[in-house]
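Colleague: Hi! Could you walk me through this model while I have it open? I'd like to start with the overall layout and then get into the details.

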Amino acid sequence: MNKEWSEKNKKMQTLIGKEAGFSEGIDVLLELRDDLFKQITYIVDSYPADAYYQMPFAGADGYHSKTLIYSMWHIFRIEDIVAHTLIRGDEQVFFSGKWQKKTKSPIITTGNELQGTEIAEFSKKLDVKAVYEYCKAVTESSNELLRSLSYKDLKRKFNEDDRKRVIESKSVSEDESAFWLVDYWCGKDIRGLIKMPFSRHWIMHIEAMCRIKDKLCAQARKGVDPIARCGLSCDHCFSKDWCGGCRTAYNTCSYAICHPDKVCPNASCCIEKGIDGCYECDELEKCDHGFYALGKEVAAIKALALFIRKYGKTELMKTLDKLHREYEFEKVQEILGYDMKKGLKILEDKRS
Ligand code: SF4
Ligand code: SF4
């Protein structure tokens with residue numbers, strides 16, 4: 001489990017266990033949920049449309065065997081049902097906001113009843129942006145509920161009427177792979193529900209989403225030129241586990257995703273010029289476009305591009321392999337410094 005999330009979760013559980021720490025515990029819970037939701041936002045902001053229905057771990061045992069969009073659907077349908085139908089006894093966000101129509105979902109349930117390819121088929125039908133907006137609406141509504149709780153509410157249990165209400169909402173499939181949820185939720189008190197679904201359930205599914213997205217990036221990079229358009233080597237990059245590289249649709253590097261079209265401006269400039277990378281461009285040395293506008297900070301990357309221009313990509317890969325064997329570093333500037341020419345010289349010395 002992600003260490004930071006796991007520690008926050010533990011801290012929250014300990015704090016809410018005592019009246020004096022309850023309010024702080026709820027603050028920690030909201031903070032944790034905020035951290036986790038950022039991962040979902042990052043995925044929705046940066047992954048291409050076909051990423052949401054891929055199942056790179058199909059058949060595996062675990063939450064990562066689903067799709068990205070199914071995971072989002074499932075986390076927030078469950079939370080909506082529990083927060084509204086079970087705890088508050090009022091209308092779910094899903095119904096009051098007419099989210100079935102907006103998300104284009106063929107179902108109103110949690111999705112537990114779907115198996116194998118049904119999950120992928122269901123995922124293809126969903127409108128990703130609308131599902132994301134639904135997730136946001138549920139989060140806001142649940143956060144309000146969590147803020148309104150008092151320490152004594154934690155012991156609140158549920159009765160047969162509550163159970164009946166959940167069943168009558170038809171939000172849980174009668175299939176045995178899903179129906180157990182009703183008894184599971186109704187057997188817990190509010191404290192138990194804070195764990196599942198309001199905190200741990202998020203962690204488990206969002207971690208699984210991270211595994212799915214990283215695998216999709218790795219698959220996208222397979223067989224693709226590992227030299228990024230700017231001159232960096234994706235194979236040696238600290239982002240390689242969660243970036244598919246600027247030559248694929250999974251170009252999820254932090255610089256690309258902060259641009260409205262989610263494409264690194266240096267990559268688009270190369271494409272417009274019809275060149276393979278900035279190392280083929282006459283303007284490289286004085287270029288201050290996109291990534292290169294960061295000046296000294298990226299002089300080392302220009303040094304890589306200059307090196308490719310002189311010696312080729314294979315030589316660069318070999319030289320970077322050598323550097324990585326000898327030194328421990330994340331970013332090339334830690335080794336090549338902040339001067340383009342000096343950086344090139346370091347690479348040339350290492351090559352010989
Ligand atoms: S951030 Fe750039 S160099 Fe790193 S993996 Fe992504 S495209 Fe490649
Ligand atoms: S102008 Fe700059 S960003 Fe564009 S291809 Fe040339 S070096 Fe790269």
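**Domains, helices and ligands**

Modeller: Happy to. In the domain assignment, the protein chain has domain 1 at 3-214 and domain 2 at 224-351. Bear in mind that this is a predicted model.

Colleague: How far apart are the centres of domain 1 and domain 2?

Modeller: Taken over C-alpha atoms, those centres are separated by 40 Å. Where the domains touch, the contact takes six residues from domain 1 and seven residues from domain 2.

Colleague: And which elements give two or more residues to the domain 1 side?

Modeller: Those are α2 and α11 (200-221). The residues on that side of domain 1 divide into two nonpolar, one polar and three charged.

Colleague: Let me zoom out for a second. How many helices and strands does the chain have?

Modeller: The protein chain has 17 helices and zero strands. Its C-alpha atoms fill a box of roughly 75 × 45 × 35 Å along the principal axes.

Colleague: What percentage of the residues count as buried?

Modeller: The figure is 38% of the 352 residues in the protein chain. As for contacts between residues at least 6 apart in sequence, 68% of them join residues at least 24 apart.

Colleague: Good. Back to α2: at what angle does it pack with α7?

Modeller: Helix α2 (residues 22-46) and helix α7 (residues 128-148) pack at about 175°, and their axes are 11 Å apart. Because of that angle, α2 is roughly antiparallel to α7.

Colleague: Which residues make the contact?

Modeller: From α2 you have Ile26, Leu29, Leu30, Arg33, Phe37, Ile40 and Val44. The α7 side brings Val128, Tyr132, Cys135, Thr139, Asn143, Leu146 and Arg147. By class, the contact of α2 with α7 has 10 nonpolar, two polar and two charged residues.

Colleague: You mentioned α11 too. What is the angle between α3 and α11?

Modeller: Helix α3 (residues 68-88) packs with α11 at about 170°, with the axes 9 Å apart. So α3 is roughly antiparallel to α11. In that pair, Leu68, Ser71, His74, Ile75 and Ile78 of α3 meet His201, Trp202, His205, Ala208, Met209, Ile212 and Lys213 of α11.

Colleague: How do the residues of that contact divide?

Modeller: The contact of α3 with α11 has seven nonpolar, four polar and one charged.

Colleague: Switching to the ligands. What surrounds ligand 1?

Modeller: Around ligand 1 are Ala228, Leu232, Cys234, Cys237, Ser239, Lys240, Cys243, Gly245, Cys246 and Cys253. That shell divides into seven nonpolar, two polar and one charged.

Colleague: Then what surrounds ligand 2?

Modeller: Ligand 2 has Asn266, Cys269, Cys270, Lys273, Cys278, Cys281, Glu283, Leu284, Cys287, His289 and Gly290 around it. Here the shell has six nonpolar, three polar and two charged residues. If those nonpolar counts surprise you, remember that Cys counts as nonpolar in this scheme.

Colleague: Handy to know. Now for backbone oddities: which peptide bond is cis?

Modeller: The bond from Met196 to Pro197 is cis, with omega near 25°. You'll find Pro197 in the loop between α10 (190-195) and α11.

Colleague: What about Lys170, what is its phi?

Modeller: Lys170 has a positive phi of about 60°, although it is not a glycine. This lysine lies in the loop between α8 (160-168) and α9 (176-186).

Colleague: And why does Lys170 count as exposed?

Modeller: Because Lys170 has 10 other C-beta atoms within 10 Å, and the cut-off for exposed is 12 or fewer.

Colleague: Where does Lys262 lie?

Modeller: Lys262 is in the loop between α12 (254-257) and α13 (265-273). Its phi is positive as well, about 60°, although Lys262 is not a glycine. With 16 C-beta neighbours inside 10 Å, Lys262 counts as partly exposed.

Colleague: One last topic, long-range pairs. How far is Lys331 from Phe238 in space?

Modeller: They are 7.1 Å apart, C-alpha to C-alpha, and 93 residues apart in sequence. Lys331 sits in the loop between α15 (313-326) and α16 (333-336), and counts as partly exposed with 14 C-beta neighbours inside 10 Å.

Colleague: And how far is Glu168 from Thr85?

Modeller: In space, 9.7 Å from C-alpha to C-alpha; in sequence, 83 residues. Glu168 belongs to helix α8 and counts as exposed, with 9 C-beta neighbours inside 10 Å.

How values were computed: Residues are numbered from 1 along each chain as its sequence is written. Chains are lettered from A and ligands numbered from 1 in the order in which they are written. This is a predicted model: local features need pLDDT of at least 70, side-chain atom pairs count only at pLDDT 80 or more; totals for chains, interfaces and linings use all residues. A residue is near a molecule or strand if its C-beta atom, placed from the backbone, lies within 6 Å of it. Axes are lines fitted to C-alpha atoms, for helices over the stretch in contact, and angles run from 0 to 180 degrees between N-to-C directions. Helices (H or I, at least four residues) and strands (E, at least two) are DSSP runs, numbered from the N terminus. Angles under 35 degrees count as roughly parallel, over 145 as roughly antiparallel, 65 to 115 as roughly perpendicular and the rest as oblique. Two residues are in contact if their C-beta atoms, placed from the backbone, lie within 7 Å. A residue is buried if 20 or more other C-beta atoms lie within 10 Å of its own, exposed if 12 or fewer, and partly exposed in between; C-beta atoms are placed from the backbone. Domain bounds come from an automatic or database domain assignment.
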